[in-house]
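Thanks for coming, everyone. Let me put the structure up, and then we'll walk through it piece by piece.

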Amino acid sequence: RQAEVVAAWSGPGRTADGHEVAVLANVADGVSARAATGYPVEGIGLFRTELTFLDRADEPTVDEQVALYREVIDAFPGGKVVIRTLDAGSDKPLRFVDHGAEANPALGIRGNRLTATHPEIRTNQLDAIARAAEESGATARVMAPMIAGPAEAADFAAEVRSRGMIAGVMIEIPSAAILASAVLAEVDFVSIGTNDLTQYTMAADRMSAELAELTDPWQPAVLHLIEGVARAGADAGKPVGVCGEAAADPLLACVLVGMGVSSLSSAPVAAAAVGARLGQVSLAQCRDAARAALATSEAAAARAAAAAVLAG
Ligand code: PEP
Ligand code: MG
């Protein structure tokens, strides 16, 4: 029966008592953005731009980048589109960047940190995003990956706002989650990347199948960090989204909404199950489920506690 509810769900995202939650898609390029329009999503919560650059021997020109970004923006006319600047390095090295030899690439010069050695790459990309948005008549929301704290957030936001765009950062390093209020003071929105936030909180490689128990976003330590970020967002009156795969788990999605998360972005194939489940529970139930999960100290217990609340 749940399968029928899921199949029939067509959005928009809201709890049974009408609390709105944007259900969004993570995409890699124009092709996947157009494919996402076949799912019940309101827009794009994460465009991983580095995936369009990975096979390139040279940095794409600004003109080429404008065309790439327009494909994604134009897939959702009038919809929300969040574009992430390059998250290159670590498991996603770029051929046109000398990443150097790093003993621990996941802890190295990746994401926004590349700006220190290659500032022109970010400048070119922001110029291209601004032009793409202008040509499409869209509002551009741009966020940076791998931000460690407020100083990096402020530096990024200044670059984005000087081009007339809305500035956000990902919260995926524990330091940024712990200092969420100070980070939020510098930007217009944040989006929590639960894949890396879990990896760095638990000191467990997200690529390791053997460590799957530790890289489970239900880990209560991770949930506490997310809850702190959501609370800081509510205090600041700024949106807090989740764009890691935690947002694809219907039960965890309810817990995230109960903490105050206002948008959920993941692989579009998960959207209907998430939206349908949210539509079956009240915001008060979501809050109770969040409280129950936060009161545990193991991932399995957190999941079970939330399930027990939401089943009732
Ligand atoms: C994340 O870390 O949760 C995230 C959304 O970014 P990526 O998976 O691209 O690192
Ligand atoms: Mg990440």
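**Strand β1 and what surrounds it**

Start with strand β1, residues 22-27. Six of its six residues are buried, so the strand is largely enclosed by the rest of the structure. One word of caution: this is a predicted model.

Now look at the two faces of β1. On one side sit Ala22, Leu24 and Asn26, and they are all buried. On the other side sit Val23, Ala25 and Val27, and those are all buried too. So both faces of β1 are covered.

Next, the neighbours. Which strand does β1 join through four bridges? That is β8, residues 263-266, and the two run parallel. If you want a place to zoom in, take Leu24: its bridge partner in β8 is Ser265.

The other pairing is with β2, residues 43-48. Here β1 and β2 pair over three bridges, again in the parallel sense. For this pairing, pick Ala25, whose bridge partner in β2 is Ile44.

Follow the chain between those two strands. Helix α2, residues 30-36, joins β1 and β2 in a β-α-β unit. Its hand is right-handed.

**The barrel**

Now zoom out. How many strands make up the closed barrel? Eight, running β1-β2-β3-β4-β5-β6-β7-β8, with parallel pairing. From one strand to the next, the twist averages 25°.

Go to strand β7, residues 240-242. β7 pairs with β8 over two bridges, in the parallel sense. Gly241 has Ser263 of β8 as its bridge partner. Helix α10, residues 220-236, packs on the sheet there, touching β5, β6 and β7. The direction of α10 makes about 165° with that of β6.

**A helix pair**

Stay with α10, and bring in α13, residues 283-294. A quick reminder before the numbers: two packed helices are described by the angle between their axes and the distance between the axes. For α10 and α13, the axes come within 9 Å and cross at roughly 135°. That crossing makes α10 oblique to α13. Who makes the contact? From α10, it is Pro220, Leu223, His224 and Glu227. From α13, it is Ala290, Ala293 and Leu294.

**One loop residue**

Now a single residue, Leu179. Find it in the loop between α7, residues 174-178, and α8, residues 180-184. Is Leu179 buried or exposed? Count the C-beta neighbours inside 10 Å: there are 20, so Leu179 counts as buried. The cut-off for buried is 20 or more.

What does Leu179 touch? Leaving out residues up to four places away in sequence, Leu179 touches Gly149 and Pro150. Check Ala148 as well. Leu179 and Ala148 are 31 residues apart in sequence, yet their C-alpha atoms are 9.1 Å apart in space.

**The whole chain**

Last, the global numbers. The protein chain has 14 helices and eight strands. Its radius of gyration is 19 Å, close to the 20 Å that the globule rule gives for 312 residues, so the chain is as compact as a globular protein of that length. Along the principal axes, the C-alpha trace spans about 55 × 40 × 35 Å.

On burial, 51% of the 312 residues count as buried. On contacts, take those between residues at least 6 apart in sequence: 66% of them join residues at least 24 apart.

That's my tour. Over to you for discussion.

Terms used:
Residues are numbered from 1 along each chain as its sequence is written. Chains are lettered from A and ligands numbered from 1 in the order in which they are written. This is a predicted model: local features need pLDDT of at least 70, side-chain atom pairs count only at pLDDT 80 or more; totals for chains, interfaces and linings use all residues. A residue is buried if 20 or more other C-beta atoms lie within 10 Å of its own, exposed if 12 or fewer, and partly exposed in between; C-beta atoms are placed from the backbone. Two strands pair if DSSP finds at least two bridges between them. A crossover is right-handed if, with the strands pointing away from the viewer, the path from the first strand over the helix to the second runs clockwise. The radius of gyration is taken over C-alpha atoms; the globule rule is 2.2 Å times the number of residues to the power 0.38. Two residues are in contact if their C-beta atoms, placed from the backbone, lie within 7 Å. Axes are lines fitted to C-alpha atoms, for helices over the stretch in contact, and angles run from 0 to 180 degrees between N-to-C directions. Angles under 35 degrees count as roughly parallel, over 145 as roughly antiparallel, 65 to 115 as roughly perpendicular and the rest as oblique.
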